[in-house]
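Please examine the model below with attention to how its strands pair and how its helices pack.

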Amino acid sequence: MNFKKGEEVYNGRYIETDGHLIVNPTEDMLLVAGYLPVKETAEERLVNAKRAKVAEIEAYSNSEAVNEFTFRGIKAWLTPDIRANYSTSLRAAEFVNKETLTFEVCGQVVSTSVHNARLLLAKIQLYADETYMVTQQHKAAVMALNDIEAVLKYDYKTGYPTKLNFE
């Protein structure tokens, strides 16, 4: 059930009353603070369930459950910015015909051939692309559902590629 105070909709986390912040207020606290219960329509419940499920999908997609690989036994991830920086370094090394490249992964300084570094980076990028597409497919699937129970039961943790492991 939702609560409203005038046009202000309770955000589901906290309220401010008498200059105090109350986190996770009880229903009684909401009523005392002037919030009134508002019954959602079936359509609003479905829309809200979809929003919540999409938020869960995005949180999972951004977590270590997806964004992680193993490099020499250490768990790590390279953000898109870091991947772009390494790609720039690789292009520069190739341009000046440098055969090896030194870079940092998981707190380790690693030297390897430019070819191996490019291969590692390419595999990470392709993995990231694949996981992104799975996430988008899950979000689209949830948005296409018309039954709240189906939305609530939707399993978005399936279909992701196997994490990479570089020894």
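The paragraphs that follow treat the strands and then the helices of this model, which is predicted.

Strand pairing near the start of the chain may be taken up at the outset. An open sheet is built from 3 strands in the order 2-1-5, and their pairing is antiparallel. Strand 2 (8-9) and strand 5 (36-38) are the edge strands, each of them pairing on one side only. Between strand 1 (residues 2-5) and strand 5 there are 3 bridges, again in the antiparallel sense. Within this part of the sheet, Asn2 has Val38 of strand 5 standing opposite.

A further pairing involves strand 8 (residues 100-105) and strand 9 (residues 108-113), which run antiparallel and are joined by 6 bridges. Here Glu104 has Val109 of strand 9 as the residue opposite. The two strands form a hairpin with 2 residues between them, and Cys106 adopts a positive phi near 60° in this hairpin.

The helices may now be considered, beginning with helix 3 (residues 80-95) and its packing against helix 4. The axes of this pair come within 10 Å and cross at roughly 150°. Angles over 145 degrees count as roughly antiparallel, and helix 3 and helix 4 are therefore assigned to that class. Their crossing is left-handed. On the side of helix 3, the contact is made by Arg83, Tyr86, Ser87, Leu90, Arg91, Ala93 and Glu94; these meet Val114, Ala117, Arg118, Leu121, Ile124, Gln125 and Ala128 of helix 4. Sorted by class, the residues of this contact comprise 8 nonpolar, 2 polar and 4 charged.

Helix 4 (residues 114-144) also packs with helix 2 (residues 42-61), at an angle of about 170° and with the axes 10 Å apart. Helix 2 and helix 4 are therefore roughly antiparallel to each other. Which residues of helix 2 meet helix 4? They are Lys50, Lys53, Val54, Ile57, Glu58 and Ser61, and their partners in helix 4 are Thr135, His138, Lys139, Val142 and Met143. The contact of helix 2 with helix 4 contains 4 nonpolar, 3 polar and 4 charged residues.

Taken together, the two packings show helix 4 in contact with helix 3 through residues including Val114 and Ala128, and with helix 2 through residues including Thr135 and Met143.

Key:
Residues numbered from 1 in each chain as written. Predicted model: local features only at pLDDT ≥ 70, side-chain atom pairs only at ≥ 80, totals over all residues. Heavy atoms only, no water. Axes fitted to C-alpha atoms, helices over the stretch in contact; angles between N-to-C directions. Helix = DSSP H or I, 4+ residues; strand = E, 2+ residues; numbered from the N terminus. Parallel < 35°, antiparallel > 145°, perpendicular 65-115°, else oblique. Contact = heavy atoms within 4.5 Å. Nonpolar A, V, L, I, M, F, W, Y, C, P; charged D, E, K, R; others polar. Pairing = 2+ DSSP bridges. Left-handed = near helix turned anticlockwise from the far one by under 90°.
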